[in-house]
Amino acid sequence: MYKGIAGSEGIGIGNVVVIEEHEINIKRETVDEPDAEIARLQSAIEKFVTLTNEMADKMDVTVGKKDADILRGHIQMLQDPMIEEQISSLIVAEKITAEMAVEQVLEQTAEMFSQIPDELLQQRATDFRDIKTRMIKLLLGIEDVDISQVPAGTVLAARDLTPSMTAGINPDNIAGILTEVGGRTSHSAILARAMEIPAVLSIDGICSIVKNGDKVVLDGSSGEVIVNPDDTTIKAFEQKLDAFQKEKALLAKYAGKPSATKDGTKVELVCNIGKPEDAQKAVECDGEGIGLFRTEFLFMDRDSIPTEEEQFEAYKTVAETMKGKPVIIRTLDIGGDKAIPYLGLEKEENPFLGFRAVRFCLQRKDIYETQLRALIRASAFGKIKIMVPLVTCVDELRRVKAMAADIMKKLDAEGVCYNKNIEIGVMMETSAACMIADILAKEAAFFSIGTNDLTGYTMAVDRGNAKVAYLYSTYQPAVLRAIKRIIECGKKEGIMVGMCGEAAADSKLIPLLLAFGLDEFSVSAASVLKTRKTISDCDMEECRALAEKVMQCATEEEVLEILK
Ligand code: PEP
Ligand code: MG
């Protein structure tokens, strides 16, 4: 038996598909026989055509004809005589490899399209970059597993499951996820929970331990994984799976009920989402709104920045799906463990302390303005609120508000409708924001506490580092004090204070958060009913008495002793 971190609850039984990571490394070499390179190019193009047709045929059934036709369009784009001619001529003229010529010609073409001020044509840039990457992989003999096409009952094993990889997953086919790195609040864990896929993380060397086709069983609540189990073990896990599903079914009685304590204190119970389509799931799980839409996922799994129109459609979809219920949309939060390769960000020594989130956005105003414009325009279709991540000083909030005000003026001049009272709030996730919570509360329309980062920044611990994971705990007195302070400062200024970090769904912490006065709990759709049950079981008097005791504790152990 192997043991890892319990990343996403549930029982998984299935067969392994190992996801290997490949680095694309194109060397600039001079070739002696350009003709041989042209022959390699031709054979790669043929393979590209065959594979693309196969993929498109599958997509006709799984995704729909419209998307499949986009893929078929890639064949025509690659086989455009001008493109082929340019690549071949470059191989001959510069005596370079086929992959180098593909890289240069297709990148140049993509760049040209990206400069055209027409959104449809700009989309061509994305297509050309996609074609380029696939062609280079074919030329270099790199075979990627297409996660969206793995068979039902697959257990994915990967070093780390990056957010962009996760974006391609079809949850119906994935029985479980195993990784070598990552903690409970890593983005792969968050996404696994959002998709209700059992996951066990940080199992040392799991990708070498298992091979494709191995049978595995895993328990996402205990962190246990058994490779090639015997029949008795499989039976035992089948029984556990059955029990897990029955317990889940019991929660159904909380659907449609108010999110209130036994003695009637009402709170808002909303959802965290990563994709516009997830909003539907939030509705189905009886979420009362969206407390965090992580918009960076719109920027992942693609080769270029989404256009204003694409973003507008995404935000509008969420707003309309939620039918007037609150929708908090966080502006681009990249950096840390969320890389977006095409943005060309430099490698940093301390990415979690570096050029990320609002810091990046305030310097790349071109990107940020597009996002804010799309958000403000979408506010005409529902109750959208804007949330700024990683704030550390009030100037950042002021600058975002000033940008929003300028955009509104322009929209007025253009006669575009939007909500003139759109709220702009702060994601409270740094120690600095906590220390100036009193100042921020005077200028922010709301707070939402991001405990995933707040825990890391308060404890000076990196979210995914297994060696210091023992310090990464929301039960630490330092973190609890930070949370309490933020809520108190927000309440003093009369603004709504929510929580969108994973702690909001932690049944041990919920009584404490209620006692502190938290107004809104934002959890994954799959956790809504369980969280509502926990809240319904609470009594405010008891919660306050508990909080009083907990806040006197000196250590994490003492806190846990009381909370358990
Ligand atoms: C957080 O930091 O708590 C949070 C919700 O944001 P993310 O997990 O995306 O960093
Ligand atoms: Mg965060």
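This briefing covers the ligand site, the salt bridges and some backbone features of the structure above. The model is predicted. Ligand 1 sits in the second largest cavity, and the protein covers 100% of the 290 Å² of accessible area that the ligand has on its own. Helix α17 gives the most to the shell around ligand 1. A search of the whole structure finds 37 salt bridges; three of them are set out below, along with one network.

**Ligand 1 and its shell**

- Around ligand 1 there are 15 residues, and those that come nearest are R294, R330, G450, N452 and R463.
- Three elements each supply at least two residues of this shell: α7, β10 (290-294) and α17.
- The share of α17 is three residues, the most that is given to the shell.
- T451 offers a polar backbone atom, which lies 3.1 Å from an oxygen atom of ligand 1.
- N452 also makes its approach through the backbone: a polar atom there is 2.8 Å from a ligand oxygen.
- D453 uses its side chain, where an N or O atom is 3.0 Å from an oxygen atom of ligand 1.
- Cover by the protein is full, at 100% of the 290 Å² that ligand 1 has on its own.

**Helix α17**

- The helix spans residues 451-459 and is mostly covered, with eight of its nine residues buried.
- The buried residues are T451, N452, D453, L454, T455, G456, Y457 and M459.
- T451, N452 and D453 are thus named twice: they are buried in α17, and ligand 1 has an oxygen atom 3.1 Å from a backbone atom of T451, one 2.8 Å from a backbone atom of N452 and one 3.0 Å from a side-chain atom of D453.
- Just after the helix, A460 takes a positive phi of about 55 degrees.

**Salt bridge R40–E99**

- R40 and E99 form a salt bridge, with the closest N and O atoms 3.0 Å apart.
- The pair links distant parts of the chain: R40 belongs to helix α1 (residues 34-62) and E99 to helix α4 (residues 98-115), 59 residues apart.
- How much of each partner is accessible? R40 has a relative accessible area of 29%, and E99 has 9%.
- R40 is therefore partly exposed, whereas E99 counts as buried, because its value is under the 20% cut-off.

**Salt bridge R129–E111 and its network**

- The side chains of R129 and E111 meet in a salt bridge, 3.1 Å from N to O.
- R129 is in helix α5 (residues 119-140) and E111 in helix α4, so the bridge links distant parts of the chain, 18 residues apart.
- R129 is buried at 12% relative accessible area; E111 counts as partly exposed at 35%.
- Salt bridges with shared partners join E103, E107, E111, R129 and K132 into one network.

**Salt bridge E196–K248**

- E196 and K248 meet through their side chains in a salt bridge of 2.6 Å, N to O.
- Which parts does this pair tie together? E196 lies in the loop between α7 (187-194) and β6 (199-201), and K248 in helix α9 (residues 231-250), so the tie joins parts 52 residues apart in sequence.
- Both ends count as partly exposed: E196 has a relative accessibility of 31%, and K248 has 42%.

**Backbone and packing around β6**

- E196, in the loop between α7 and β6, has a positive phi of about 55 degrees although it is not a glycine.
- S202, in the loop between β6 and α8 (206-209), likewise has a positive phi, of about 60 degrees, and is not a glycine.
- L218 has its place in strand β7 (residues 215-219).
- Is L218 buried or exposed? It counts as buried, at 0% relative accessibility.
- L218 and V200 are 7.3 Å apart in space, C-alpha to C-alpha, and 18 residues apart in sequence.

Note on methods. Residues are numbered from 1 along each chain as its sequence is written. Chains are lettered from A and ligands numbered from 1 in the order in which they are written. This is a predicted model: local features need pLDDT of at least 70, side-chain atom pairs count only at pLDDT 80 or more; totals for chains, interfaces and linings use all residues. Side-chain values use heavy atoms; hydrogens and water are left out. A salt bridge is a side-chain nitrogen of Lys or Arg within 4 Å of a carboxyl oxygen of Asp or Glu. Helices (H or I, at least four residues) and strands (E, at least two) are DSSP runs, numbered from the N terminus. Buried means under 20% relative accessible area, exposed over 50%, partly exposed in between (1.4 Å probe, protein chains only). A residue is near a molecule or strand if one of its heavy atoms lies within 4 Å of it. A polar contact is a pair of N or O atoms within 3.5 Å; within protein, one must be able to donate a hydrogen and the other to accept it, and residues adjacent in sequence count only if both atoms are side-chain atoms. Accessible areas come from the Shrake-Rupley method with a 1.4 Å probe; for residues, only the protein chains shown count as cover. On a 1 Å grid over the protein atoms alone, a cavity is a set of points where a 1.4 Å probe fits but cannot get out, and a pocket is an open set with protein on both sides within 12 Å along at least five of seven lines; lining residues have an atom within 4 Å of a point. A molecule sits in a cavity or pocket if more than half of its atoms lie within 2 Å of its grid points.
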